[in-house]
Amino acid sequence: MNKQKKKTIALLAAVLVLVAAMAVCWAVFAPKGSAGQKEIGVTVVYGDGSTDEYQISTQAEFLRQALEEQELVAGEESQYGLMVTTVNGVTADSSLEEWWCFTKGGETLNTGVDSTPIADGDHFEITLTTGY
């Protein structure tokens with residue numbers, strides 16, 4: 001086998017090891033939901049500043065399922081999961097740079113609704129926000 005083939009094989013092996021390591025890290029460190037009954041609070045803040053409060057009782061492990069059980073959110077599927085465009089029947093107008101911001105206890109979520117785990121007593125805010 002010539003040197004070029006050996007280098008190519010070594011490079012492919014290194015890439016495979018890197019991909020496997022990344023998969024293991026994701027499996028270990030990915031957000032995990034918890035099983036069982038939970039009570040969570042959700043505040044929806046509309047563009048005019050008005051709010052609606054919801055207390056949700058659910059066995060869902062992740063936020064999306066809990067919100068969909070109450071028919072509170074709708075949107076478009078993307079490679080990252082549900083991109084929420086509508087909350088409680090109000091659709092964000094992208095031509096006005098509107099979007100729904102999800103926070104937990106006032107802190108912006110670093111995960112989408114599909115991968116945001118919920119626990120008993122959590123409180124989430126969904127705010128119609130203008131400007132990208």
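**View 1. Strand β6 beside β8: in β8, Thr129 is the bridge partner of Trp99.** This is a predicted model, so read every close-up here with that in mind. Staying with the same pair of strands, Glu98 stands opposite Thr130 in β8. Seven bridges hold the β6 and β8 pairing, which is antiparallel. As for how enclosed β6 is, five of its seven residues are buried, so the rest of the structure largely surrounds this strand.

**View 2. The hairpin of β6 and β7.** Here β6 pairs with β7 in the antiparallel sense, over two bridges. Look for Thr103, whose bridge partner in β7 is Thr108. Two residues sit between the strands of this hairpin, and Gly105 takes a positive phi near 60°.

**View 3. An open sheet of five strands, with mixed pairing.** Reading across, the order is β2-β1-β8-β6-β7. At the edges are β2 and β7 (107-108), each pairing on one side only. A reminder for anyone tracing this view: strands of a sheet pair through backbone hydrogen bonds, either parallel or antiparallel.

**View 4. Tyr46 and Trp100, an aromatic pair.** Search the whole structure and you find one aromatic pair. The rings of Tyr46 and Trp100 meet edge-to-face, 6.5 Å centre to centre, with 85° between the planes. This pair links distant parts of the chain: Tyr46 belongs to the loop between β1 (38-45) and β2 (51-58), while Trp100 is in strand β6 (residues 98-104), 54 residues apart. Are these two residues buried or exposed? Tyr46 is buried, because its relative accessible area of 12% falls under the 20% cut-off. Trp100 is buried too, at 6% relative accessibility.

**View 5. The largest nonpolar core, with 23 residues.** Which of its residues touch the most other members? They are Ile40, Leu63, Leu67, Val84, Trp100 and Phe102. The elements that give two or more residues to this core are β1, α2 (63-69), β4 (81-87), β6 and β8 (123-130). Zoom in on Leu67 and, leaving aside its neighbours within four places in sequence, you'll find it in contact with Val42, Ile56, Leu72, Val73, Phe102 and Ile126. For background, nonpolar side chains tend to be buried together in soluble globular proteins.

**View 6. The three-strand open sheet, β3-β4-β5.** Pairing in this sheet is antiparallel. The strands at its edges are β3 and β5 (90-91); each has a single partner strand, so one side of each is left without a neighbour in the sheet. Between β3 and β4, which run antiparallel, there are six bridges. One place to look is Glu77, whose bridge partner in β4 is Leu82.

**View 7. Inside the largest pocket, about 490 Å³ of space.** The lining has 23 residues, and the closest to the pocket centre are Leu82, Met83, Val84, Trp100 and Phe102. At least two lining residues come from each of β3 (73-78), β4 and β6. Some of these names have turned up already: Trp100 is in the aromatic pair with Tyr46, and Val84 and Phe102 are among the core residues that touch the most other members.

**View 8. Thr111, in the loop between β7 and β8.** Thr111 is partly exposed, with a relative accessible area of 30%. Now find Tyr80: Thr111 and Tyr80 are 31 residues apart in sequence, and their C-alpha atoms are 9.4 Å apart in space.

How values were computed: Residues numbered from 1 in each chain as written. Predicted model: local features only at pLDDT ≥ 70, side-chain atom pairs only at ≥ 80, totals over all residues. Heavy atoms only, no water. Phe/Tyr/Trp six-rings, centres within 6.5 Å; stacked < 30°, edge-to-face > 60°. Helix = DSSP H or I, 4+ residues; strand = E, 2+ residues; numbered from the N terminus. Buried < 20%, exposed > 50% of the residue type's maximum accessible area, 1.4 Å probe, protein only. Core = buried A, V, L, I, M, F, W, Y, C linked by side-chain atoms within 4.5 Å. Contact = heavy atoms within 4.5 Å. Pairing = 2+ DSSP bridges. 1 Å grid on protein atoms, 1.4 Å probe; cavity = no way out; pocket = protein on both sides within 12 Å on 5 of 7 lines; lining within 4 Å. Points joined across faces, edges and corners; volume = space filled by probe spheres on them.
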